[in-house]
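These are my notebook entries on one structure. I looked up charged pairs, one buried residue and the packing of helices.

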Amino acid sequence: LPYWEELSVGDDNLYHCISLMKVNMNSQHPGLTGLRNLGNTCYMNAILQCLCSVPPLVEYFLSGDTFPSKGYSAAAFGCLMSDMWCGEFDSVSPEVFYSVLGKQYPTFSKRTQEDAQEFLICVLNELHQALKKVRAQLWCFGDWSVSETSIITQLFEGQLSYEITCLGCKTTTDRPESFTILSLPIPSKSACSLQDCLECFFQQDTLTWNNQIYCSWCGTKQDAAVKATITKAPQIIIFHLKRFEWQGWGKRKLSTDICYPLSNLDLSPYSSPLFYKNAEYSLCAVVNHSGFLNKGHYTAFCKHSVTKNWYSFDDAQITKIPNSSVQTDTAYLLFYTCQGLLCTH
């Protein structure tokens, strides 16, 4: 790809990259490229379309930084993204990236139906491992702790703090935990809102019986109250709506109609005021799952970062859709991007 090696983002942004591509490729549709189904790979295509609709991630990969020294997975992902953003093709094959990832995660090399959320976790982990750099070495508890960062952690990683209170001695401890995806319970089987799901996730829970914690002050296992709080909000926050739940010996799918906002999602009610000020998020992509548990189909809705129009991606087929069509009862993964700079820390 001759034009690829000439791109250098530096201090410029994604829009500059796109204008360069329009000049070099005489393109009319950058970022609107379908992905061919390789055989039960709709889950992969939906995830890739969503990731390729995240502006800072696109900007990073269009800078050419990943070629060729960062590993096969990052290089394959970068090549695929460049094909999807050059605007030269109606559709392209993700075969190379699929093959490279399949060698690391054999589950995704069988051309069988798989879970899109599990695939997303593997993709983010693989890209992080390929692109990570040592950020700092910290002396902690008598040993050196190495902190690693990458474009993946910079964009997608947030942090929760679990406040754990022993109900025996009332001692409270805080346990931090990083996340890239928040899996939200669905509190209703008919209809609810994303805020309902968030409130259910962040409400205080009581650990009893087999879930008791060991309290070092009491010297024994005790019941405990646990409450989660966001202490670091990521630039891109991904919500996994837990539509598949165990029932008896198997799983079933919840078809709950969940109402989610396209803009002005406020996470401050679930965040620590010490670390986080009011910041609002806008929806940038949705992964949909239609059909049944073992016989379904994944599609994606993505907001084009330049035109601001929404498009439906169904493997190789792309359709422009109105804002009103983005709200569906098949939403499975929601990608939100921070609307301002208040999300950065």
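Entry 1, salt bridges. I began with R252 and E245, whose side chains meet in a salt bridge, with 2.8 Å from N to O. The model is a predicted one, and I read every distance in these notes with that in mind. I then looked up how open this pair is. R252 is partly exposed, at 24% relative accessibility. E245 is also listed as partly exposed, with a relative accessible area of 25%.

How many salt bridges does the count come to? I found that the count comes to four, and I noted two others besides the pair above.

The pair E95 and R111 forms a salt bridge in which the closest N and O atoms are 3.3 Å apart. E95 belongs to helix α6 (residues 95-104), whereas R111 sits in the loop between α6 and α7 (116-131), so this pair ties together parts that are 16 residues apart in sequence. I recorded E95 as partly exposed, with a relative accessible area of 33%. R111 counts as partly exposed at 33% relative accessibility.

The pair K132 and E148 forms a salt bridge as well, and its closest N and O atoms are 3.5 Å apart. K132 is in the loop between α7 and β3 (133-140) and E148 is in strand β4 (residues 143-149), so here too the pair ties together parts that are 16 residues apart in sequence. For K132 I noted 32% relative accessibility, which makes this residue partly exposed. For E148 the value is 33%, and this residue is partly exposed.

Entry 2, residue F244. I located F244 in strand β14 (residues 244-247). Is F244 buried or exposed? Its relative accessible area is 15%, and the limit for a buried residue is under 20%, so F244 counts as buried.

I next listed what F244 touches, leaving out residues up to four places away in sequence. The list consists of D115, K251, R252, K253, H289, L293, Y298 and Y332. R252, one of these contacts, is the residue I had already met in the salt bridge with E245. Y332, another of the contacts, lies 88 residues from F244 along the chain, and their C-alpha atoms are separated by 9.7 Å.

Entry 3, packing of helices. I reminded myself that two packed helices are described by the angle between their axes and the distance between the axes.

I took α3 and α7 as one pair. The axes of helix α3 (residues 42-51) and α7 come within 9 Å and cross at roughly 55°. The two helices are therefore oblique to each other, and their crossing is right-handed. Which residues meet here? From α3 I wrote down Y43, M44, I47 and L51, and from α7 A116, F119, L120, V123 and L124. The residues of this contact divide into nine nonpolar, no polar and no charged.

I took α4 and α5 as another pair. Helix α4 (residues 55-62) and helix α5 (residues 72-86) have axes 9 Å apart and pack at an angle of about 105°. I therefore noted α4 and α5 as roughly perpendicular to each other. L57, V58, F61 and L62 of α4 make the contact with A74, F77, G78, M81, S82 and W85 of α5. By class, I recorded eight nonpolar, two polar and no charged residues in the contact of α4 with α5.

Technical notes
Residues numbered from 1 in each chain as written. Predicted model: local features only at pLDDT ≥ 70, side-chain atom pairs only at ≥ 80, totals over all residues. Heavy atoms only, no water. Helix = DSSP H or I, 4+ residues; strand = E, 2+ residues; numbered from the N terminus. Buried < 20%, exposed > 50% of the residue type's maximum accessible area, 1.4 Å probe, protein only. Contact = heavy atoms within 4.5 Å. Axes fitted to C-alpha atoms, helices over the stretch in contact; angles between N-to-C directions. Parallel < 35°, antiparallel > 145°, perpendicular 65-115°, else oblique. Left-handed = near helix turned anticlockwise from the far one by under 90°. Nonpolar A, V, L, I, M, F, W, Y, C, P; charged D, E, K, R; others polar.
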